[in-house]
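Trainee: Got a minute to go through this one with me? I'd like to start with the terms and then poke around.
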Amino acid sequence: MTTITTVAKPDELAIPYALPQVPFMSPDLVHLNVMDKWLEDDNLWVPVTKTVSFKPLLLCTSGGYYVNLLRVRKAGVLSRHRHTGAVHAIVLKGRWLYLEHDWVAEEGSYAHEPAGETHTLVVPEGVDEMITWFHVIGGYIYVDPQGVAVGYEDVFTKLEAAQKHYKELGLPDDYIKQFIR
């Protein structure tokens, strides 16, 4: 009787990349438990108004964009704004709409908003809390109904608001650095 012995070859796809990463590359950014534990500490939500707040996930100062969770805890008009770049959104909780469109972004929905679009964000009656993941490229120009600019928001204004809030909480000055790339 002949026994055939086979030697298993390693799966070449399961071998890690052997070379160094490119020079000057930013480190990975990973926040664990974003869908549950991340939402628990109310103090870490950066207040915009009494009923609107955000939690930064990524403040990309080198790329001019940010990713954050937006939370609204009251129905009503949130803002009218024009996008200088595209926006991607995924509704995690609740729902919202734009007065200028006939669709409603509900829990589990994805929305792409093109650069240049101007719309009025509303959280409808019956929604106690809305949380949406937003990836905002560029910024928002807040406008009146005729398109006249009345305010502005971008990665740098988000960073400044978060840094100020975390300082007021007594967190270390470098706490904000975990979000910046």
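Mentor: Sure, one term up front: buried means under 20% relative accessible area, exposed means over 50%, and partly exposed is in between, using a 1.4 Å probe and protein chains only. This is a predicted model, where local features need pLDDT of at least 70 and side-chain atom pairs count only at pLDDT 80 or more, while totals for chains, interfaces and linings use all residues. Residues are numbered from 1 along each chain as its sequence is written, and side-chain values use heavy atoms, leaving out hydrogens and water.

Trainee: Okay, Lys55. Which strand is Lys55 found in?
Mentor: Lys55 belongs to strand 2, residues 52–60. Strands here are DSSP E runs of at least two residues, helices are H or I runs of at least four, and both are numbered from the N terminus.

Trainee: And is Lys55 buried or exposed?
Mentor: Lys55 is buried, yet has no salt bridge. A salt bridge needs a side-chain nitrogen of Lys or Arg within 4 Å of a carboxyl oxygen of Asp or Glu. The nearest side chain of opposite charge is Asp41, 6.2 Å away. For charge, Lys and Arg count as positive, Asp and Glu as negative, and His and the chain ends are not counted.

Trainee: What does the side chain of Lys55 reach, then?
Mentor: The backbone oxygen of Asp41, at 3.4 Å.

Trainee: What else does Lys55 touch?
Mentor: Leaving out residues up to four places away in sequence, Lys55 touches several residues, including Trp38, Trp45 and Asn68. Contact means heavy atoms within 4.5 Å.

Trainee: Switching to the sheet. What's the strand order?
Mentor: It's an open sheet of six strands in the order 1-2-3-10-5-8, with antiparallel pairing. The edges are strand 1 (46–47) and strand 8 (110–113), each pairing on one side only. Two strands pair if DSSP finds at least two bridges between them.

Trainee: How many bridges join strand 3 to strand 10?
Mentor: Eight, between strand 3 (residues 65–72) and strand 10. Asn68 stands opposite Phe134 there. Strand 5 (residues 87–93) pairs with strand 10 over six bridges, with His88 opposite His135.

Trainee: Why is strand 10 largely enclosed by the rest of the structure?
Mentor: Because six of its eight residues, in the run 130–137, are buried.

Trainee: Last one: how many helices and strands does the chain have?
Mentor: Two helices and 12 strands. Buried residues make up 36% of the chain's 181 residues.

Conventions. Polar contact = N/O pair within 3.5 Å; in protein donor to acceptor, adjacent residues only side chain to side chain.
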